[in-house]
Every structure is written in C-alpha cells, then in structure tokens.
Amino acid sequence: MVYKRIFPFFLIIFFSACIEQGEFSRTEFALGTVCTVTLYEQGKNSLYNDIFSRIREIENLMSLNISSSDISRINSNAGIKPVSVHENTFKVIERAVYFAQLSGGAFDPAIGPIVSLWGISGDNPRCPSQEEIDKILPLVNWRNIELDANANSVFLTQHGMSLDLGAIAKGYAADAAAEILKNAGIKRGLVDLGGNIIVIGEKKDKSPWRVGIQNPYGNRRDFFGIVHTDEKTIVTSGIYERNFEEDGRFFHHLFSPFDGYPADNGLISVTVIMDISMEADALSTAAFVLGYEKGLFLIESIPGVEAIFVFNDRSVQVTKGVEFTITDNTFFFR
Ligand code: AMP
Ligand code: MG
C-alpha cells in the first residue's frame with residue numbers, strides 16, 4: 001500500500017487526456033448514464049459504432065424505462081405468467097439471482113417495488129411512510145424469481161413484484177464492450193459506463209493504469225484517490241450517484257432489502273476490483289448494503305476480488321491486494 005500526495009488536478013488532467021481526445025474516445029448517454037470508450041490511437045469510428053450499438057442493444061433488453069424491454073415484459077407479467085427473454089437477459093438475471101443468494105439477499109434484483117416507491121430514479125423522489133414500506137417490502141424477494149433455463153423464461157411469482165437490474169446491467173454491458181475491443185485486437189483501451197470501468201491491455205510506457213476513484217462527497221469527476229492496477233475492472237457503488245434531501249435528512253439509491261431504507265451503515269462508497277465487471281457491479285452493491293464487516297467477509301470469500309471501503313468520516317480501508325494512493329488529504333487510511 002502506497003500513500004502519496006498527488007494534487008487532484010494531475011488526476012483531472014490525466015482523465016481529461018483520456019476522455020477529451022476527439023477521435024481517440026467517444027461519449028454517449030446510454031443505460032441511464034454517461035458512457036465513455038477510449039481507444040487512443042487505435043480508435044476507429046466503425047469500432048465505436050459497434051461498441052455503442054451493443055450497449056444500446058443491452059439497454060433495449062434490460063432497461064426499465066423501455067416498455068418493450070425484456071425486464072418491462074417480465075415485470076408486467078408478474079403473478080401472471082413466465083416470459084421468454086433474450087439469452088443475454090436470462091444470463092444477467094441468473095447471475096443476479098446467484099449474487100442475491102451469495103449475499104444473503106443484500107443484493108436483490110427484485111428490489112424494483114422499493115426503488116419505485118422512493119422514486120429515486122425519477123425527478124420527484126420522496127421518503128415514503130413506514131406503512132407504505134411495510135406493505136411493499138414482502139414483494140422484494142429474489143426467491144420468488146423462477147428461472148427456466150430450457151425456455152430462457154423468467155417468472156415473478158407474486159403480483160406487484162418487479163426486477164431492477166440497475167446494479168448489474170452496466171457491468172454486463174462493460175464486459176460486452178471490452179469483449180468487442182479484445183476481439184478487434186485493441187492493445188489498450190478504457191471503458192467507463194457511469195463508473196463501471198474496465199482497463200484493457202497495457203499503457204504505452206508499461207506503467208500500471210491509474211484510475212481515479214470518485215470522491216463520494218465531491219462533484220462529478222472529483223477524485224479522492226488513485227488505484228494503480230493492471231488489466232482489471234474497477235466498479236464503485238456510492239451515495240453520490242442518486243440521492244435527495246428531505247426535511248434535513250439525506251437519502252441515497254442503495255437500498256437495504258431488509259428494511260426498505262437506503263443502507264445506513266457508515267459506508268459512503270465501495271469499490272470492487274477484479275476481472276469480470278458484471279460480478280464487480282453486483283458485489284460492490286452487495287458489499288455496500290451489507291456494511292463493512294459482512295461486506296469484507298463476502299469480498300474475501302471470493303478469490304481474485306479486492307475492494308476499497310470508504311466511510312462517512314472520510315476514512316478508507318482497502319483489502320490486501322489493492323495499491324491505492326489517497327490524493328485528497330481530507331481522506332485517510334484507518
Ligand atoms: P449500483 O450503482 O451498481 O450500486 O446500483 C444501484 C442501483 O441498483 C440503484 O439505483 C437501484 O436501481 C438498484 N438497487 C438499489 N438497491 C439495490 C439492492 N439492494 N440490490 C440490487 N439492486 C439495488
Ligand atoms: Mg452495482
């Protein structure tokens with residue numbers, strides 16, 4: 001573990017260099033977030049087109065906001081009948097259910113009713129009454145998702161249930177984008193789908209990649225530290241992504257399926273570093289909701305997974321294999 005002070009603006013320059021080099025990178029809004037792919041000198045229009053059409057294909061299958069998506073069709077048939085879906089959607093739901101089980105239900109793709117009750121994804125979020133939460137919470141239960149691998153079909157057994165793949169689909173899309181890059185023989189690249197980052201290949205000078213981690217209390221692209229890594233995915237779940245204040249109280253978008261409220265355990269972000277972005281996406285959400293001790297236990301139970309935990313007193317804990325430098329000295333290692 002290295003602790004060096006580097007002024008944040010170096011990092012911003014580093015990122016601007018990655019992101020703003022015209023033909024070297026492309027940014028589009030998809031999957032409800034800003035998606036940037038950077039291919040440096042190997043960037044070609046046709047390749048960017050392929051990557052972004054694949055991302056849109058995944059969005060069309062898995063978005064809650066598209067009424068013809070697989071997810072919308074599954075949700076509107078909750079308690080009615082199983083729905084056959086694209087094999088990509090089936091795979092993501094199957095993995096989501098796997099991580100639901102692995103995390104003891106902290107990660108739950110059936111979180112939909114709670115997410116919509118709080119209105120956290122829309123323009124008018126609000127804190128619901130305890131009565132409303134109590135009424136809806138029993139619908140949040142991954143055990144009531146029935147999967148049929150032969151028919152690629154998904155059935156939500158209770159009327160009113162709904163899936164929300166917001167905590168895993170971006171990771172899947174990032175993996176899909178990275179696969180296209182690798183198949184195209186791209187030697188180095190950076191995929192960033194709203195904070196789901198994958199770095200591919202080696203940097204030109206063979207030095208490790210330096211990836212800035214969002215300051216959970218800062219503005220967008222305001223980093224508080226840098227991960228030094230080789231070819232990996234770096235995925236963060238944090239309170240900054242979607243939140244609102246009501247009557248002086250702060251609420252964010254990472255819900256505990258156990259009580260129906262935003263997880264309130266002292267964490268403000270969790271970053272997971274590993275090989276598969278879809279898994280890192282599920283695990284960062286799961287570890288956040290579980291809290292530090294149980295989250296760390298989950299992370300350490302899986303080989304090849306590292307994590308950075310950030311707490312509301314600005315302290316930071318990292319697992320053994322992480323090389324992380326704090327660049328904003330209001331943060332500190334515990
Ligand atoms: P992420 O930024 O990957 O942690 O995903 C957050 C999004 O996942 C939220 O905006 C919700 O749509 C959804 N979500 C919130 N809480 C949970 C949970 N406990 N399990 C699964 N998905 C969740
Ligand atoms: Mg996630």
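This briefing walks through the pockets, the metal site, the nonpolar cores and a handful of individual residues. Keep in mind that the model is predicted. The headline items are a largest pocket with about 1100 Å³ of space, a magnesium ion (ligand 2) held by A167, D281 and T285, and a largest nonpolar core of 92 residues.

**Largest pocket**

- If you're wondering where empty space is left, rolling a probe the size of a water molecule over the atoms is what shows it.
- The largest pocket offers about 1100 Å³ of space, and 48 residues line it.
- Nearest the centre of this pocket you'll find S121, D164, G166, A167 and R242.
- Helices α2 (45–62), α5 (112–118), α7 (169–183) and α8 (277–290), along with strand β10 (233–238), each give two or more residues to the lining.
- By residue class, the lining of the largest pocket splits into 22 nonpolar, 18 polar and 8 charged.

**Second largest pocket**

- The second largest pocket holds about 350 Å³ of space and has a lining of 18 residues.
- D192, G194, G195, Q214 and R221 are the lining residues nearest the centre here.
- Strands β2 (33–38), β8 (209–214) and β10 each supply two or more residues to the lining of the second largest pocket.
- This lining divides into 7 nonpolar, 7 polar and 4 charged residues.

**Magnesium site**

- Which atoms coordinate the magnesium ion (ligand 2)? They are the O of A167, both O and OD of D281, and OG1 of T285, at 2.0 to 2.4 Å.
- Along the chain, the donors of the magnesium ion (ligand 2) are spaced as A-x113-D-x3-T.
- That pairs up distant parts of the chain: A167 sits in the loop between β5 (153–156) and α7, while T285 is in helix α8, 118 residues apart.
- Is T285 buried or exposed? T285 counts as buried, because its relative accessibility is 10% and the cut-off for buried is under 20%.
- A167 turns up twice, as a magnesium donor and as one of the residues nearest the centre of the largest pocket.

**Nonpolar cores**

- Some background: in soluble globular proteins, nonpolar side chains tend to be buried together.
- In the largest nonpolar core, with its 92 residues, I145, I308, F309 and F324 touch the most other members.
- Setting aside residues up to four places away in sequence, I145 touches I93, V97, P109, A110, V154, F155, L156, M161 and L163.
- There's also a second, separate core of 13 residues, with V115, I120, C127 and F244 among them.

**Two residues with positive phi**

- For context, most residues other than glycine have a negative phi.
- L31 isn't a glycine, yet its phi is positive at about 55°.
- L31 sits in the loop between β1 and β2 and counts as buried at 17% relative accessibility.
- N152, also not a glycine, has a positive phi of about 50°.
- The home of N152 is the loop between β4 (145–148) and β5, where N152 counts as partly exposed at 22% relative accessibility.

**Other residues to look at**

- F24 lies in the loop between α1 (8–19) and β1 (25–30) and is partly exposed, with a relative accessible area of 26%.
- Not counting residues up to four places away in sequence, F24 touches V37, T38, L39, Y40, E41 and Y48.
- F24 and P113 are 41 Å apart, C-alpha to C-alpha, with their positions 89 residues apart in sequence.
- R54, in helix α2, counts as buried at 18% relative accessibility.
- Beyond its neighbours within four places in sequence, R54 is in contact with N88, Y172, A176 and I180.
- T327 is placed in the loop between β16 (323–326) and β17 (332–333) and counts as buried at 7% relative accessibility.
- The C-alpha atoms of T327 and I213 are separated by 9.9 Å, although these residues are 114 residues apart along the chain.
- Y292 belongs to helix α9 (residues 292–300) and is buried, with a relative accessible area of 19%.
- Leaving out neighbours within four places in sequence, Y292 is in contact with L267, F309, F311 and Q317.
- Y292 and K187 are 105 residues apart in sequence and 36 Å apart in space, C-alpha to C-alpha.

Note on methods
Residues numbered from 1 in each chain as written. Chains lettered and ligands numbered in written order. Predicted model: local features only at pLDDT ≥ 70, side-chain atom pairs only at ≥ 80, totals over all residues. Heavy atoms only, no water. 1 Å grid on protein atoms, 1.4 Å probe; cavity = no way out; pocket = protein on both sides within 12 Å on 5 of 7 lines; lining within 4 Å. Points joined across faces, edges and corners; volume = space filled by probe spheres on them. Helix = DSSP H or I, 4+ residues; strand = E, 2+ residues; numbered from the N terminus. Nonpolar A, V, L, I, M, F, W, Y, C, P; charged D, E, K, R; others polar. Donors = N, O, S within 2.8 Å, 3.2 Å for Na, K, Ca; no water. Buried < 20%, exposed > 50% of the residue type's maximum accessible area, 1.4 Å probe, protein only. Core = buried A, V, L, I, M, F, W, Y, C linked by side-chain atoms within 4.5 Å. Contact = heavy atoms within 4.5 Å.
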